[in-house]
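Reader: I'm new to this and keep running into technical words. Could you show me how each one is earned?

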There are 2 protein chains.
Amino acid sequence: MSDRRVTASVLIIGNEILSGRTQDLNLQYIAKHLNTRGVVVAEAHVIPDIRDVIVSSVNSARSRHDYVLTTGGIGPTHDDITAECIAAAFELPLVVDETIEKRIRSRHAPPDIMENRLRMARIPKGARLIDNLTGGPPGFSIENVYVMAGIPGVLQAMLPTIEFQGGSTIRSCSVTAYMGESEISRELSTIQEQYGSTIDLGSYPFNRNGRFGTTLVMRGTDTEELCNALEDVKQAIRRRGQEPGEVSYDWEQN
Amino acid sequence: MSDRRVTASVLIIGNEILSGRTQDLNLQYIAKHLNTRGVVVAEAHVIPDIRDVIVSSVNSARSRHDYVLTTGGIGPTHDDITAECIAAAFELPLVVDETIEKRIRSRHAPPDIMENRLRMARIPKGARLIDNLTGGPPGFSIENVYVMAGIPGVLQAMLPTIEFQGGSTIRSCSVTAYMGESEISRELSTIQEQYGSTIDLGSYPFNRNGRFGTTLVMRGTDTEELCNALEDVKQAIRRRGQEPGEVSYDWEQN
């Protein structure tokens, strides 16, 4: 594992997200998955099914990040234009991939329906396939750009098949305090300054069945530092006259 | 109502969304709300709590869209840097607003906690307030940039208080077809071409209790055109040997 920060940009492609018709669920899934692989999602963009926007967004993101992941727009209909946009972004021709074609043809359909389905066999020339564990048409990748489906069940059947070369795994731990953010914000600020960029300390207010509180979350790559910061935060809670609440870690405790 | 397309960019500010800790729910709420006001969400960006990123994202978005709406980063803690970033984007000083200060001071707190809370009274000089129907600290706006809370309950207590000068209201209607997208994609493509840019026709596959189908959604400003397109889609479903399923409209039917 390297200490270099490895970053990703996520492009969520689809008018249905921007119109509010569909609630995006993919960003959270991708972010959590990439965290476990040592890849930080540095930004995400929700963009419409418009060719110029997709092409320029892909080209901007791929030059600035180690990985670009796209979701949406690889189905069989007229508004599924992601494959041709990725080809345009790389100035490559869009070609029919024989492996995908074979997989699509293995499910019988009348000729006109088959022709529509075969839209999903078109990938930029030279792209590699991303397996689809549902058995449906695969996604594809080219250089550092990974093109996947927008339907959460299908995205989740593609993403785990990709091998990411991440940096150190980002871990997190948290503790709840039954007090408002402002009651502990100065202490948090001091702790954040003390740890600098090795720890990212966030505070998130909540209201559980009418009881208000704040979850204090530490994120970083060094679990020893995280445990130290957690102790400091617990001490700060005690100094504010409360006992620390529930503690959780996203790595195994011995 | 004007025929001009009025657009918005949504900036979702917060490490907790990019880390996957928190599922964003604000984009969908904002998009639906703006649709009813005749404002189209043209893009959305999820960005981290990093000053330079926030400043440049705000400046880019406000020059390209009629409205910019931001969520997140206006609480009392060290990672709440949105207000100072908006001030920097407009090259304005950050000042304490007396109205907000008064509201914050009306809830008693020890001096050190009060000082933390008063961070939320700082706005760019000359900004207008966005009321907060929860009774908590308001948001603010400056020129075409509207700065709101990230907690969904608070955002939803701010957004309805804003008056938007929108274009024509965007309406939608839909019909379900119990067939795959590829079975009807060619017909949809023809219908989309026929209506051109007046109608945006989308298709969204679903699996309800093991029964597969596709929801066909038409969006546009002219309800007569939408009804015509809906009839065309229903005819297309019948030509494919199925009866159209459930029909829905987001405007009242006489």
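Author: Sure, let's go through a few terms one by one; keep in mind that this is a predicted model.

Reader: What makes Asp112(B) and Arg240(A) a salt bridge?
Author: The cut-off is 4 Å between a side-chain nitrogen of Lys or Arg and a carboxyl oxygen of Asp or Glu. Here the closest N and O atoms are 2.8 Å apart, so the pair passes. Between chain A and chain B the count is four salt bridges.

Reader: And how many residue pairs are in polar contact across the interface?
Author: The rule finds 27 of those pairs between chain A and chain B. On chain A's side, the elements giving two or more residues include helix H2 (26-36), strand S2 (39-47) and helix H8 (185-195). Sorted by class, that side has 18 nonpolar, 19 polar and 16 charged residues.

Reader: How many residues does each chain bring to the contact?
Author: Chain A brings 53 and chain B brings 52. People often give the size of an interface as the accessible area lost when the parts come together. For chain A and chain B, that buried area is about 4,500 Å², and carbon and sulfur atoms give 49% of it.

Reader: How do you know that S2(A) and S2(B) pair?
Author: Pairing needs at least two bridges. These strands have three, so they count as paired, and they run antiparallel. For example, Val46(A) stands opposite Ala44(B).

Reader: What is the strand order in the open sheet of 12 strands?
Author: Read it as S6(A)-S7(A)-S8(A)-S3(A)-S1(A)-S2(A)-S2(B)-S1(B)-S3(B)-S8(B)-S7(B)-S6(B).

Reader: Why are S6(A) and S6(B) called edge strands?
Author: Each pairs on one side only. Neighbouring strands of this sheet are turned by 20 degrees against each other on average, ignoring direction.

Reader: Why is the pairing in that sheet called mixed?
Author: Look at two of its pairs: S1(A) and S3(A) pair in the parallel sense over five bridges, while S2(A) and S2(B) run antiparallel. In the parallel pair, Ile12(A) has Thr71(A) as its bridge partner.

Reader: What about the four-strand sheet in chain B: what is its order, and how do S9(B) and S12(B) run?
Author: The order is S10-S11-S9-S12, with antiparallel pairing. Its edge strands are S10 (200-208) and S12 (247-249), each pairing on one side only. S9(B) and S12(B) run antiparallel and are joined by three bridges, with Cys173(B) opposite Tyr249(B). Helix H8 (residues 185-195) of chain B packs on this sheet, touching S10 and S11.

Conventions
Residues are numbered from 1 along each chain as its sequence is written. Chains are lettered from A and ligands numbered from 1 in the order in which they are written. This is a predicted model: local features need pLDDT of at least 70, side-chain atom pairs count only at pLDDT 80 or more; totals for chains, interfaces and linings use all residues. Side-chain values use heavy atoms; hydrogens and water are left out. Contact means heavy atoms within 4.5 Å. Buried area is the accessible area (1.4 Å probe) that two parts lose on being put together, summed over both. A polar contact is a pair of N or O atoms within 3.5 Å; within protein, one must be able to donate a hydrogen and the other to accept it, and residues adjacent in sequence count only if both atoms are side-chain atoms. Ala, Val, Leu, Ile, Met, Phe, Trp, Tyr, Cys and Pro count as nonpolar, Asp, Glu, Lys and Arg as charged, and the others, Gly among them, as polar. Axes are lines fitted to C-alpha atoms, for helices over the stretch in contact, and angles run from 0 to 180 degrees between N-to-C directions.
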